[in-house]
Amino acid sequence: QVQLVESGGGLVQPGGSLRLSCAASGSIFSINAMGWYRQAPGKERESVADTTSGGSTNYADSVKGRFTISRDNAKKTVYLQMNGLKPEDTAVYYCNADITTMSWGSMDYWGKGTLVTVSS
């Protein structure tokens, strides 16, 4: 059984920073791409940032220059450093990972989400 557990969300003022973490656990053979998505109230879920096992990264235009994604392969953890937060960044942030297990091969997994609220 594979689990993704996010942490680090909370309430922050505009211009502030937060760091999200997502740790994978279970019978994992390998982790391929890892990333972060978010869903604001009344909106569809959107990709925020992702990173490959080789370290390549992609960002949504709305967060470029403010957010940084990184991963620690030994810890099976992906991070999202969010600086210069804006009210429009308010959303539930979800961790996503393409994980290979011996039982199921390569599958997409999701965390349960962590709420980020940017407000004064």
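**Strand β9 and its surroundings**

Let me start with a side chain at the edge of the picture: Tyr37 has a relative accessible area of 26%, so this residue counts as partly exposed. Before going further I should say that what we are looking at is a predicted model, and I will come back to Tyr37 once the strands around it are in place.

The element I want to build the talk around is strand β9, residues 91-101, in which 9 of the 11 residues are buried, so that the strand is largely enclosed by the rest of the structure. Which strands pair with β9, and in what sense? With strand β4, residues 30-39, the pairing is antiparallel and extends over 8 bridges, and within it Ile31 has Ile99 of β9 as its bridge partner. Strand β10, residues 105-110, also runs antiparallel to β9, the two being joined by 6 bridges, and here Asn96 stands opposite Trp110. The connection between β9 and β10 is a hairpin of 3 residues. Strand β11, residues 114-118, is likewise antiparallel to β9, with 3 bridges between them, and there Val92 has Leu115 as its partner. As a general reminder for reading such strands, side chains in a regular strand alternate between the two faces of the sheet.

Now to the disulfide, of which a search of the whole structure finds 1. The cysteines concerned are Cys22 and Cys95, whose sulfur atoms lie 2.1 Å apart, and the torsion about their S-S bond is about -80°, so the disulfide is left-handed. Because Cys22 belongs to strand β3, residues 18-25, while Cys95 belongs to β9, the pair ties together parts of the structure that are 73 residues apart in sequence. Are these two cysteines buried or exposed? Cys22 has a relative accessibility of 0% and therefore counts as buried, and Cys95, with a relative accessible area of 0%, is buried as well.

That leads to the nonpolar core. The largest one holds 30 residues, and those touching the most other members are Trp36, Leu80, Met82, Tyr93 and Ile99. At least two residues of this core come from each of β3, β4, β5 (46-51), β7 (67-72), β8 (77-82), β9 and β11, and it is β9 that gives the most, with 5 residues. To take Met82 as an example, if we set aside its neighbours within four places in sequence, its contacts are Gly16, Ser17, Leu18, Leu20, Arg66, Phe67, Tyr93 and Val116.

Finally, I return to Tyr37 and to the aromatic rings. The count of aromatic pairs comes to 1. In that pair the rings of Tyr37 and Trp110 have centres 4.9 Å apart and planes at 65°, and since planes over 60 degrees apart count as edge-to-face, that is how the pair is classed. Tyr37 sits in strand β4 and Trp110 in strand β10, so the pair links distant parts of the chain, 73 residues apart. Trp110 is, in turn, partly exposed, with a relative accessible area of 37%.

What lies over the face of Trp110? Arg45 does, at 4.7 Å from the ring centre. A second arrangement of this kind involves Arg19, whose charged end sits over the ring of Tyr79, 4.1 Å from its centre.

Notes
Residues are numbered from 1 along each chain as its sequence is written. This is a predicted model: local features need pLDDT of at least 70, side-chain atom pairs count only at pLDDT 80 or more; totals for chains, interfaces and linings use all residues. Side-chain values use heavy atoms; hydrogens and water are left out. Buried means under 20% relative accessible area, exposed over 50%, partly exposed in between (1.4 Å probe, protein chains only). Helices (H or I, at least four residues) and strands (E, at least two) are DSSP runs, numbered from the N terminus. Two strands pair if DSSP finds at least two bridges between them. A disulfide is a pair of cysteine sulfur atoms within 2.5 Å. A nonpolar core is a set of buried Ala, Val, Leu, Ile, Met, Phe, Trp, Tyr and Cys residues joined through side-chain atoms within 4.5 Å. Contact means heavy atoms within 4.5 Å. Rings of Phe, Tyr and Trp (its six-membered ring) pair if their centres lie within 6.5 Å; planes under 30 degrees apart count as stacked, over 60 as edge-to-face and the rest as tilted. A charge sits over a ring if NZ of Lys or CZ of Arg is within 6 Å of the ring centre and within 35 degrees of the ring normal.
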